[in-house]
Amino acid sequence: MTFQLFIQQLINGISLGTLYGLIAIGYTMVYGILRLINFAHADVMMMSTYFAFFGISMFALPWWVAAIIAMILTALLGIMIDQGAYRPLRRAPRISALITAIGVSFLLENLGLVIFGSRPKAFFRPEIFRPVWQFGKIHVLSLSVYTIFITLILLVFVYIIIYRARIGMAMRAVSRDMQTVPLMGIDVNRVIAFTFGMGSALAAAGGILWAMKYPQIEPLMGIFPGLKAFVAAVLGGIGNVFGAVIGGFILGITEILLVAFFPELSGYRDAFAFLLLILVLLFRPTGIMGEELPE
Amino acid sequence: MSLLKVKCLTMRFGGLSAVTDFNLNLDKGELVGLIGPNGAGKTTTFNMLTGRLKPTEGSMVFGGSDIGGKKPSQINRLGIGRTFQSIHLLTEMSALENVMMSFHGRLKSPFWAPILGLPGYRREERAMLKESYDLLERVGLKDLTQTEAGSLAYGQQRRLEIARALGTHPKLLLLDEPAAGMNPRETNALMELILVIRRDFDLTVLLIEHDMKFVMGLCERLVVLDNGATIAQGLPAEIQQNKKVITAYLGERRSAGR
Amino acid sequence: MTPKTRDRWLTYLSVLALLGILLLAQEYADEYQVRILNMVAIYITLAVSYNLINGVTGQFSLEPNAFVALGAYTASLLTLTASEKEMSFIIDPCIWPLSVISIPFLPAVIIGGLIAAFFGFLMGFPVFRVRGDYLAIVTLGFGEVIRVVANNLQSVTNGPLGLKGIAPYTNLWWSWGLALITLFVINRLVKSSYGRALKAIRQNELAAESMGINAFRHKLLAFTLSAFFEGMAGALLAHLITTISPMLFTFFLTFNLLIIITIGGLGSITGSVLAAIAFAWGSELLRAVEEPMNILGLLTIPGIPGMRMVIFSIILIVVMLFARQGFMGRREFTWQWLFDRMHIKESGL
């Protein structure tokens, strides 16, 4: 394990971590407001990659236009799912919403299999992201570095929305106390819809960057990144947006470094995230930036 | 003979003191009332006594053993039974099943006994059934045994709570606002019921209530809490005259008595 | 005779009728139909056990695929002969002593169940420290961990290649025998004081605790018992389809069971049985949707693979939105209900 290799893997880890973070924000925001683990979130991310894919391949759009349109479409998809499947169950026992979320997740996955086929499709990697940069002996895919910057820019937007915009204040209010908020004239359903939309759009960004990096998409691609992103959200303190980002970093870095240092354990890399989850839930369930554990 | 010795019991949540320096000595067979304005810390005290909350300071000794830090199910088995302010019944089960549930903690047969149909279990089940019917009759719910607990009238639910608490064979019974929501007739019946069960089951009773007629008419001794602190202890007649008590109640624009 | 005795006799008679049907099936039904009957029985066992922890005790967990896998692998590794193992384990040889052990079916099935139960017991300690959604995720996590481990422990499970050539010991008697035993045991448990305690925990854990019920111990009991039967069902499954691999035991399996117990009614044994039958059957019927359909020899509609799962997902969502208590809710079938429907009074019998 040379120093150069370590730096290289560290950058990969950070890059992976930002992707986990982007996806994790959606989980944590929805959980913060609805106390619901949106199982379908990962599959929404999967759909975004297909939206972008068809934008580029069928409509010959420039990649960044396809990406933005995909983000918008994904946001709409997220909102649709909330309004159609979760909203009717707002007053139902939480288990019902959870089961429904699992159902929606499966529906998206299997619809994907039926419509898109199970064979992976190659995803377009734009010219600008293709070069491999060299710093001495360190080789880094430019995409990995760009990913970090793009994520940071998106996070700035997230910060502005949540802490400076009125809708963000409403979101924070609803996540504290959903019952009294309507009395102050806030339309809770609008806020929730916005939350889903925003979380889904961020997941779309993460998904598209992911698809560019591991340039293959298939209908079940969201499952593992989604679960790991959820672990990241819990690690960082569920309900806390910046916790989700930090959790993402930690998970991404440790996962990459684990495989780098112990290549014989690479088959277990998915299990590692779950073990981390189990440990966190047992010993520090409120996570790193912890808010109180619900229930 | 002393049954419960509580010393310096304190409960702090962060910076807030819910209960400060609570002391109580209960002798066997006593019927004591814990009163005070809302938020005085009465239910919190109950929660500490039953193990739902771990006291920040102080000791609780019940029947000779220290119950501080024990779990609710353990304390329950040692002999403290309790009813709740909000209904804690199993609303989807029948009244009978609710009472039968209270015997489960002391069931001797292991889980495979009912599976194999062992006679030991069958005997225990029969005994539970019999005693449950008996308890329900005592609290006046004889005709409502099969009714879903959630469908019972409020007053009936409170009586079911008492039957349920009795099923755990307590030595000390903590009643949290047993007369809440009852009309005068029901309240009088409840007062009688409590006296009868104290006698029949050899109980010691500590109760929380706001209904002053109930409290004054039933309790032998009163402890008054206000804002977590004990402001008076003594006979009902003394407490009624106690200036501090009157201010505590009237100071909140509440009249002592209903 | 008393209603109780009458009920008991009716139950015995129905079981006899069932055995008669199985006998007929054994003789006259074709392989395909027998296969479906076996799957129905296995699904019944799985659904009723899964329902015990999810429905009756109200602890929503997502790990049965792990227990099924544990039972399947354990039993298969025990029944395969040394030479069969040598043929399968081509990358890494099977570790000793598994490489030489080969025991008959019945003990293998039971040990499969016990191993699953053992893991369930161990898992219970960390798992039941959390509640609600977190419990779901943690059990999902454990389930995945076990699957990933199975995929990687080359010398024990043969990794992604899986095990082939498992002896097809499972027949109608085994599968329905296990189903009936599972039904018997779980039914007796649920109707007893322990069953009531489990239901109490589901309804109001705090209240149950204050009645002296140790919630943790009871949850652990339900969980371990579930794992035991799920493991045995897995063992039977392995010896029915004769080839197993980690791909068989993914979250998809858990999802199928989840659909079954939810549609049947969480907490209702009868519901699980009916839904399991409907699911196994419906699954086969819907297979037609996935195969190309030939209409009158003139038109061929291409099959849409995967449509089955789409349909099941939609059904689940629809059930959750409009009838979330499922088909039976929490009720059970009783002979009395049947008689009430048929207006037969007790005195007439």
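**Exercise 1. Determine which element gives the most residues to the positive patch in this predicted model.**

Solution. Begin with the members of the patch: Arg122(B), Arg123(B), Arg126(B), Lys4(C) and Arg8(C) gather on the surface as a patch of positive charge. Next, assign them to secondary structure: the elements that give two or more residues are helix H5 (119-138) of chain B and helix H1 (3-28) of chain C. Of the contributing elements, H5(B) gives the most, with 3 residues. As a check on one member, Arg126(B) lies in helix H5 of chain B, and its relative accessible area of 54% makes Arg126(B) exposed, because exposed means over 50%.

**Exercise 2. Decide whether Ser102(B) is buried or exposed, and find which backbone oxygen its side chain reaches at 2.5 Å.**

Solution. First locate the residue: Ser102(B) sits in the loop between helix H3 (95-101) and helix H4 (112-116) of chain B. With a relative accessible area of 1%, Ser102(B) is buried, since the limit for that class is under 20%. Then examine its contacts: the side chain of Ser102(B) reaches the backbone oxygen of Val99(B) at 2.5 Å, while the backbone oxygen of Arg164(B) is found 3.4 Å from a polar atom of the Ser102(B) side chain.

**Exercise 3. Explain why the salt bridge of Asp133(C) and Arg94(A) joins two chains, and state how exposed each partner is.**

Solution. Over all chains the structure holds 22 salt bridges, and in one of them the side chains of Asp133(C) and Arg94(A) meet at 3.1 Å, N to O. Asp133(C) belongs to helix H6 (residues 132-152) of chain C and Arg94(A) to helix H4 (residues 94-116) of chain A, so the pair joins two chains. Asp133(C) is buried, at a relative accessible area of 3%, whereas Arg94(A), at 30%, is partly exposed.

**Exercise 4. Establish how many residues apart the partners Asp202(B) and Lys28(B) are, and then classify their accessibility.**

Solution. The side chains of Asp202(B) and Lys28(B) meet in a salt bridge of 3.2 Å, N to O. This pair links distant parts of the chain, 174 residues apart: Asp202(B) is in the loop between helix H7 (184-201) and strand E8 (204-208) of chain B, and Lys28(B) is in the loop between strand E2 (16-27) and strand E3 (31-35) of chain B. Asp202(B), with a relative accessible area of 52%, is exposed, while Lys28(B), at 41%, counts as partly exposed.

How values were computed. Residues are numbered from 1 along each chain as its sequence is written. Chains are lettered from A and ligands numbered from 1 in the order in which they are written. This is a predicted model: local features need pLDDT of at least 70, side-chain atom pairs count only at pLDDT 80 or more; totals for chains, interfaces and linings use all residues. Side-chain values use heavy atoms; hydrogens and water are left out. Patches are made of residues with over 30% relative accessible area and no salt bridge: like charges are joined within 9 Å, nonpolar side chains (Val, Leu, Ile, Met, Phe, Trp, Tyr) within 5 Å. Accessible areas come from the Shrake-Rupley method with a 1.4 Å probe; for residues, only the protein chains shown count as cover. A salt bridge is a side-chain nitrogen of Lys or Arg within 4 Å of a carboxyl oxygen of Asp or Glu. Lys and Arg count as positive and Asp and Glu as negative; His and the chain ends are not counted. The place of a charge is taken as NZ of Lys, CZ of Arg, CG of Asp or CD of Glu. Helices (H or I, at least four residues) and strands (E, at least two) are DSSP runs, numbered from the N terminus. Buried means under 20% relative accessible area, exposed over 50%, partly exposed in between (1.4 Å probe, protein chains only). A polar contact is a pair of N or O atoms within 3.5 Å; within protein, one must be able to donate a hydrogen and the other to accept it, and residues adjacent in sequence count only if both atoms are side-chain atoms.
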